[in-house]
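Student: Could we go through the aromatic and nonpolar side chains of this one together?

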Amino acid sequence: MINIFIWFLAIVAIVILSDGKGMTFNGLAAIPVFYVVYAFFYSLAFPAKMLKSIEKDSDVTFGEYFGDFLMIVILPIGIWFLQPRVNKVVGIQYVDSNKVL
């Protein structure tokens, strides 16, 4: 949660300070930006790790959840593969509207 907050706060600060035109960071000012980039990727990797850990019911390594991480990075395509797995973990079942009950 802290990394998500730091990432969001940094993006908002950059947009406000640069009037939406973007900024470049050189020298020592670039060091905090590296942490913001790490915070962004960690905020994407955490849900992937949690999904895989819940499915396997054990702790997982980076190699085991890397595919899920990539699907979150390319979310418009990855959601097609991730959503059924999330629904299964959560326990949501859909009723087919074409069937007569």
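Here is a short round of questions and answers on rings, surface and core.

Tutor: Before we start, this is a predicted model, where local features need pLDDT of at least 70, side-chain atom pairs count only at pLDDT 80 or more, and totals for chains, interfaces and linings use all residues. Residues are numbered from 1 along each chain as its sequence is written, and side-chain values use heavy atoms, with hydrogens and water left out.

Student: What kind of aromatic pair do Tyr 35 and Tyr 38 form?

Tutor: Rings of Phe, Tyr and Trp (its six-membered ring) pair if their centres lie within 6.5 Å; planes under 30 degrees apart count as stacked, over 60 as edge-to-face and the rest as tilted. Tyr 35 and Tyr 38 sit 3 residues apart in helix H2 (residues 30–56), about one turn of the helix; helices here are DSSP runs (H or I, at least four residues), numbered from the N terminus. Their centres are 5.7 Å apart with 45° between the planes, so the pair is tilted.

Student: Is Phe 66 buried, partly exposed or exposed?

Tutor: Phe 66 shares helix H3 (residues 62–73) with Phe 62, 4 residues away. Buried means under 20% relative accessible area, exposed over 50%, and partly exposed in between (1.4 Å probe, protein chains only). Phe 66 has 34% relative accessibility, so it counts as partly exposed.

Student: Which helix supplies the largest share of the nonpolar patch?

Tutor: Patches take residues with over 30% relative accessible area and no salt bridge (a side-chain nitrogen of Lys or Arg within 4 Å of a carboxyl oxygen of Asp or Glu); nonpolar side chains (Val, Leu, Ile, Met, Phe, Trp, Tyr) are joined within 5 Å. This patch covers about 880 Å², by the Shrake-Rupley method with a 1.4 Å probe, and includes Tyr 35, Tyr 38 and Tyr 42. H2 and helix H4 (75–90) each supply at least two of its residues. The largest share, 6 residues, comes from H2.

Student: And how many residues does the largest nonpolar core have?

Tutor: A nonpolar core is a set of buried Ala, Val, Leu, Ile, Met, Phe, Trp, Tyr and Cys residues joined through side-chain atoms within 4.5 Å. H2 and H3 are the elements that give two or more residues to this core. Among its members are Leu 51, Tyr 65, Phe 69 and Leu 82, and the full count is 10 residues.

How values were computed: Patches are made of residues with over 30% relative accessible area and no salt bridge: like charges are joined within 9 Å, nonpolar side chains (Val, Leu, Ile, Met, Phe, Trp, Tyr) within 5 Å.
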